[in-house]
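Grab a pencil and keep the structure open beside you. Try each task yourself before you read its solution.

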Amino acid sequence: MFQSFDTHADPRVGAPRAALLRAELARRGLTGLLVPRADEFQAEYVPPAAERLRWLTGFSGSAGAAIVLAAEAVILVDGRYTLQVTVEVDTTVFTPGDIVAVPPHAWLKAHVKPGDRIGYDPWLHTLAGARRLRTAVEAAGGELVAVDGNPLDAVWSDRPAPPRGRLVVQPTEFAGETASAKLARIGTAIEAAGAEYLLINQPDSVAWILNIRGRDVPHNPVPLAHALVPKAGRPTLFVDPAKVNAAMHAHLAPICDLAEPAGLLPALALLGEAKAAVLLDAAWTSEILARTLAEAGATVIEADDPVTLPKAR
């Protein structure tokens, strides 16, 4: 199917869904929630199951964030969507704002009251982003609370199932280099950074490293998966086994191990117990992954661009 720019947004969804969310927040003892556009892979384009911002507000743009407090709510977008947001969103429920001039942490610093408990899903915020939010909320006298299970998901009764698009092989003639050669170069870079492992949160980098492509996100050839790459030895690809057929098993078996997504946090905890040094990009890695490593005892080495990985193409 070709990409369409038609929109089916309905501003009428905002009021009842915001009410549902506020009731769930009150039940959990929270006074607010951050609702980013990103999914757990920090991607700009997300599958229907991760369209939380659109479900809540009606906004269909590819970037933005909403913040819902007990008595007010805001939707922050950039200059591309200044007009679109007023058409797709009930602005009596969500006040539009400029995410560039007033990013979420700045808005929170100005609106949080002492004693407020602001929830956030640590899968949906990067390590660097969560730090900015926590600093802002605490400066206003509030508390930033990592939720165990997203409150919005709890009230999204017709949420689509997670995608299970099959992985496909990217032939070497198109990739330009074998996966084994790439992994050898990456291992050298990991060691040079003083680390033992590289944690990869970005599907396009996972796709490039292993010479694979995916069908999880419309019009985006990336697999929704995480990878843990050692400086020497076999990497592990954390991916839904339903996405891997016999041909893909044959492609991956010589170069990496497979594990289910639910095994990612336990694997990181084991690295922590082993006091491993793990390299990651604080600007792209979900906060829960970095926190799991650190709390278990790992040395987390942060870099803006830990290992230069070309985008999948």
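**Exercise 1.** Leaving aside neighbours within four places in sequence, which residues is Leu-56 in contact with?

*Solution.* Keep in mind that this is a predicted model.
- Step 1: Count heavy atoms within 4.5 Å as a contact.
- Step 2: Skip the neighbours within four places, and you get Val-13, Gly-14, Arg-17, Ala-18, Leu-21, Val-35, Ala-66, Val-68, Phe-94 and Leu-152.

**Exercise 2.** Work out where Leu-56 sits in the largest nonpolar core, and which elements build that core.

*Solution.*
- Step 1: The core has 26 residues, and Leu-56 is among those touching the most other members, along with Leu-21, Val-35, Phe-59, Ile-75, Phe-94 and Leu-152.
- Step 2: Two or more residues each come from helices H1 (14-27), H2 (52-57) and H6 (151-155), and from strands E1 (32-36), E2 (65-69) and E3 (73-77).
- Step 3: There's also a second, separate core of 24 residues, including Leu-198, Leu-210, Val-229 and Met-248.
- Step 4: For background, nonpolar side chains tend to be buried together in soluble globular proteins.

**Exercise 3.** Sketch the six-stranded sheet and place helix H4 on it.

*Solution.*
- Step 1: Draw an open sheet in the order E4-E3-E2-E1-E5-E6, with mixed pairing.
- Step 2: Mark E4 (95-98) and E6 (143-146) as the edges, since each pairs on one side only.
- Step 3: Turn neighbouring strands by 25° on average, ignoring direction.
- Step 4: Run E1 and E5 (residues 117-120) parallel, joined by two bridges, and put Leu-33 opposite Gly-119 of E5.
- Step 5: Lay H4 (residues 104-111) across E1, E2, E3 and E5, at about 20° to E2.

Conventions. Residues are numbered from 1 along each chain as its sequence is written. This is a predicted model: local features need pLDDT of at least 70, side-chain atom pairs count only at pLDDT 80 or more; totals for chains, interfaces and linings use all residues. Side-chain values use heavy atoms; hydrogens and water are left out. A nonpolar core is a set of buried Ala, Val, Leu, Ile, Met, Phe, Trp, Tyr and Cys residues joined through side-chain atoms within 4.5 Å. Buried means under 20% relative accessible area, exposed over 50%, partly exposed in between (1.4 Å probe, protein chains only). Helices (H or I, at least four residues) and strands (E, at least two) are DSSP runs, numbered from the N terminus. Two strands pair if DSSP finds at least two bridges between them. Axes are lines fitted to C-alpha atoms, for helices over the stretch in contact, and angles run from 0 to 180 degrees between N-to-C directions.
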